[in-house]
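Reader: I'd enjoy a close look at one part of this model, namely how its helices pack. Could you walk me through it?

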Amino acid sequence: MKQEGKFITFEGIEKCGKGTIIKKAETYLKNKGLDVVLGREPGGISFGEDIRNILLNSKYRGKICLLSELALFYASRAQYSLDFVKPNLKQGKIVLSDRYYDSTYAYQGFGRIKEKDERQGMLDVIKVFNYLFTENTHPNLTIILDISVDEMIERMNKQKQKKDRFEKEKKEFHERVREGYLWVANQFKKRCVLVSNERPLEETLDEVKLHLDCLLEKYYKQ
Ligand code: TYD
């Protein structure tokens, strides 16, 4: 029987550099002769891309409550894991995903909930949903790219495209999202690595490659 593929997710706050790093990771793995596919969340498949357009649209700023936002992310995720992640893993491919369920811990669990003592209930719900809506499809490795919120703002000020609904959030929101990612890294130490991307790209990339090699060593060497 063919060996099940491996699932690698890339996470981080806005402007953390996921897009660039994931492309480089894809090339790195493909150059090793591996069968690699790339997806993203929300989106990745046409149904998900339509949901993405709703979720990111600035016209809904302040008009989508936390629960409907959460429901839309999980509607997208259920279909993405069923139609994209699972079949590719079954075929033995390496699936790279630009965001997955750790974004929900960080954005909905931390970003959207200001009061610390109100968070736990939501984090528990997200954990259950991560089993239910993905039919137990969990990453083997999660690379969290870390930058400070000040660096994020600096990078955002340089961007030419219009800001989406999340990018338009206040600084405090992004501080909480970052705190969320630090929580995720600490909570799920076995699969998560925190990699600083506030340094030259080559240095970040070298560290990411080390983590990818570690995963390959673990699963593909006899
Ligand atoms: P992203 O792909 O990073 O957008 P961009 O290509 O502009 O960098 O992600 C879309 C946005 O959705 C991002 O702001 C994070 C947010 N998000 C959540 O709030 N919860 C989630 O569960 C996911 C997957 C994304």
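How close do the axes of helix H4 (residues 101-111) and helix H7 (residues 171-187) come, and at what angle do they cross?

Author: Happy to. Please keep in mind that this is a predicted model. The axes of H4 and H7 come within 8 Å and cross at roughly 135°. That angle makes H4 oblique to H7, and the crossing in which H4 passes H7 is right-handed. On the H4 side, the contact is made by Asp102, Ser103, Tyr105, Ala106, Tyr107, Phe110 and Gly111. H7 answers with Phe173, Arg176, Val177, Glu179, Gly180, Tyr181, Trp183 and Val184. Sorted by class, the contact of H4 with H7 has 9 nonpolar, 3 polar and 3 charged residues.

A second helix pair is worth setting beside this one. The axes of H3 (66-90) and helix H5 (residues 119-132) come within 12 Å and cross at roughly 20°. That makes H3 roughly parallel to H5, and H3 passes H5 in a right-handed crossing. Here Leu66, Leu67, Leu70, Tyr74 and Arg77 of H3 meet Met122, Ile126, Phe129 and Asn130 of H5. The contact of H3 with H5 divides into 7 nonpolar residues, 1 polar and 1 charged.

H3 also leads us to helix H2 (residues 46-56), where Gly48, Ile51, Arg52, Leu55 and Leu56 are buried. These five residues lie on the same side of H2, because they cover an arc of only 125° around the axis. As a reminder, an α-helix has 3.6 residues a turn, so residues three or four places apart point the same way. The buried residues of H2 pack against H3 and also against strand S2 (36-40). On the face turned away from the buried side, H2 carries the exposed residues Ser46, Asp50 and Asn53.

The loops beside these elements hold some backbone details to look at while you are there. Pro42 sits in the loop between S2 and H2, and the peptide bond from Glu41 to Pro42 is cis, with omega near -10°. Beyond H5, the loop between H5 and strand S4 (141-146) holds Glu135, and Asn136 is also placed in the loop between H5 and S4. Phi of Glu135 is near 45°, a positive value in a residue other than glycine. Asn136 is likewise not a glycine and has a positive phi, near 60°. As for accessibility, Glu135 counts as partly exposed because its relative accessibility is 47%.

Conventions
Residues numbered from 1 in each chain as written. Predicted model: local features only at pLDDT ≥ 70, side-chain atom pairs only at ≥ 80, totals over all residues. Heavy atoms only, no water. Buried < 20%, exposed > 50% of the residue type's maximum accessible area, 1.4 Å probe, protein only. Helix = DSSP H or I, 4+ residues; strand = E, 2+ residues; numbered from the N terminus. Arc of directions from axis to C-beta. Contact = heavy atoms within 4.5 Å. Axes fitted to C-alpha atoms, helices over the stretch in contact; angles between N-to-C directions. Parallel < 35°, antiparallel > 145°, perpendicular 65-115°, else oblique. Left-handed = near helix turned anticlockwise from the far one by under 90°. Nonpolar A, V, L, I, M, F, W, Y, C, P; charged D, E, K, R; others polar.
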